[in-house]
Structure formats: C-alpha cells, structure tokens
Amino acid sequence: MKKSIKHLTFGLAALAIAASASAQTKPEDLIKYRQSGYTFMAWNMGKIKAQVVDGSVPYNKDQVAAAANLIAATANSGMGALYAPGTDKGKGWKETRVKSDFFKEQDEVGKIAVNFVQQANKLQQVAAGGDQAAVKAQFGEVGKACKACHDKYRIED
C-alpha cells in the first residue's frame, strides 16, 4: 500500500512538473518536440519492420530489442503534455497535422493513448525475449494502436 501511494505521489509530482514546463514553452516548440518524438518512434518502428515483417534486413534480436526499448521509452515519456492549449494549429518543424477534435475528445484520446503505451510496453517485453514471431505479432498490435489515433485525429497529407 505504501509503495502504491509513493508511486502515485511521484507520478502526480512528475505530471505537475511537466505541465508547468509545458506552460512555459512556446506552442511552436511543443509542436516541434512532439513531431520529433513521433519521428523518432517511426524510425525505430521502421527498423523493427525491416527485420521482422519485410525481412529486408537480417533479424538481430539485440537491435530489435533496442528499437523496442526506445519506442516504449518515448511512449512513456509524457508526450501528452506536448498537446497544450495553442498547439492545435501552428508550425513546429512543419505544420501540425493534429485535428481539432483531438482537443475536444479527451476521454477518447486518453483511451487511445493508454492502449498505445500498453502495446509499446508489451512490444518491449516481447522483444527482450527474442522470439521473432512473437515480436512480429506484437509489432502489429503497436501498429494498430498508432493507426487508431492517426485515423481519428491526424490530418493526412
């Protein structure tokens, strides 16, 4: 019980610090940070895809595990704080593609985000085991979690 309260207290403190830091950051910088985070995750997803889906690169369990670790770390980094008021429009590295509904449907966004984090964490666990078939299956689940948000809240080019 004490451990749960300690974790909850730490989590709330971290959230407060992140919210405070976000409030002091310009909207265009927040957009840049989130675009960078998603680009970094996409690059690592591509490394896994090349090895376990396409087979265009020989399977290397250590490289796949490293990529999965980075995806999970980014997913767990508190990127939600980068969607502060004023970041629904504007330019980071490029024009933001988030739909305005993202900011209006926070309950739905929260469910999608929690699922994404859970799937990324599971990918990290599965990749650590080194079973290529299991990684491929869980990679598909992470892709579905990404797609759920993209389909609903991302403006396509």
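**Exercise 1. Find which residues form a nonpolar patch on the surface, and work out whether Trp43 is buried or exposed.**

Let's start on the outside of this predicted model.
- Step 1: Look for nonpolar side chains at the surface. Phe40, Trp43 and Leu70 make up such a patch, and together they have about 290 Å² of accessible area.
- Step 2: Place the tryptophan. Trp43 sits in helix H2.
- Step 3: Check its relative accessible area, which is 52%. Exposed means over 50%, so Trp43 counts as exposed.
- Step 4: Set this beside the general trend. In soluble globular proteins, nonpolar side chains tend to be buried together.

**Exercise 2. Describe the overall make-up of the protein chain.**

- Step 1: Count the elements. You should get 6 helices and 0 strands, so the pattern along the sequence reads α-α-α-α-α-α.
- Step 2: Ask how much is tucked away. The chain has 157 residues, and 30% of them count as buried.
- Step 3: Turn to the surface. The accessible surface is about 9700 Å², with 60% of it belonging to carbon and sulfur atoms.
- Step 4: Look at who touches whom. Take the contacts with a separation of 6 or more: 70% of them join residues 24 or more positions apart.

**Exercise 3. Work out which helices build the largest nonpolar core.**

- Step 1: Find the residues that touch the most other members. The core has 23 residues, and this group includes Ile48, Val64, Ile71 and Phe116.
- Step 2: Trace the core back to its elements. Helices H2 (27-52), H3 (61-75), H5 (106-129) and H6 (132-153) each give two or more residues. H3 gives the most, with 6 residues.
- Step 3: Zoom in on Phe116. Skipping neighbours within four places in sequence, Phe116 is in contact with Met41, Ala75, Val142, Ala145 and Cys146.
- Step 4: Don't miss the other core. Apart from the largest one lies a core of 6 residues, including Val98 and Phe102.

**Exercise 4. Check the span of H5 and see what covers its buried residues.**

- Step 1: Work out the expected span. H5 has 24 residues, so at 1.5 Å a residue it should span 34 Å.
- Step 2: Compare. The end C-alpha atoms of H5 are 35 Å apart, which agrees.
- Step 3: List the buried residues of H5: Val109, Ile112, Phe116, Gln119, Ala120, Leu123, Val126 and Ala127.
- Step 4: See what lies over them. The cover includes H2, H3, H4 (101-104) and H6.
- Step 5: Step past the end of the helix. Just after H5, Gly130 takes a positive phi of about 85°.

Technical notes. Residues are numbered from 1 along each chain as its sequence is written. This is a predicted model: local features need pLDDT of at least 70, side-chain atom pairs count only at pLDDT 80 or more; totals for chains, interfaces and linings use all residues. Side-chain values use heavy atoms; hydrogens and water are left out. Helices (H or I, at least four residues) and strands (E, at least two) are DSSP runs, numbered from the N terminus. Buried means under 20% relative accessible area, exposed over 50%, partly exposed in between (1.4 Å probe, protein chains only). Contact means heavy atoms within 4.5 Å. Accessible areas come from the Shrake-Rupley method with a 1.4 Å probe; for residues, only the protein chains shown count as cover. A nonpolar core is a set of buried Ala, Val, Leu, Ile, Met, Phe, Trp, Tyr and Cys residues joined through side-chain atoms within 4.5 Å. The expected span of a helix is 1.5 Å times one less than its number of residues. Patches are made of residues with over 30% relative accessible area and no salt bridge: like charges are joined within 9 Å, nonpolar side chains (Val, Leu, Ile, Met, Phe, Trp, Tyr) within 5 Å. A salt bridge is a side-chain nitrogen of Lys or Arg within 4 Å of a carboxyl oxygen of Asp or Glu.
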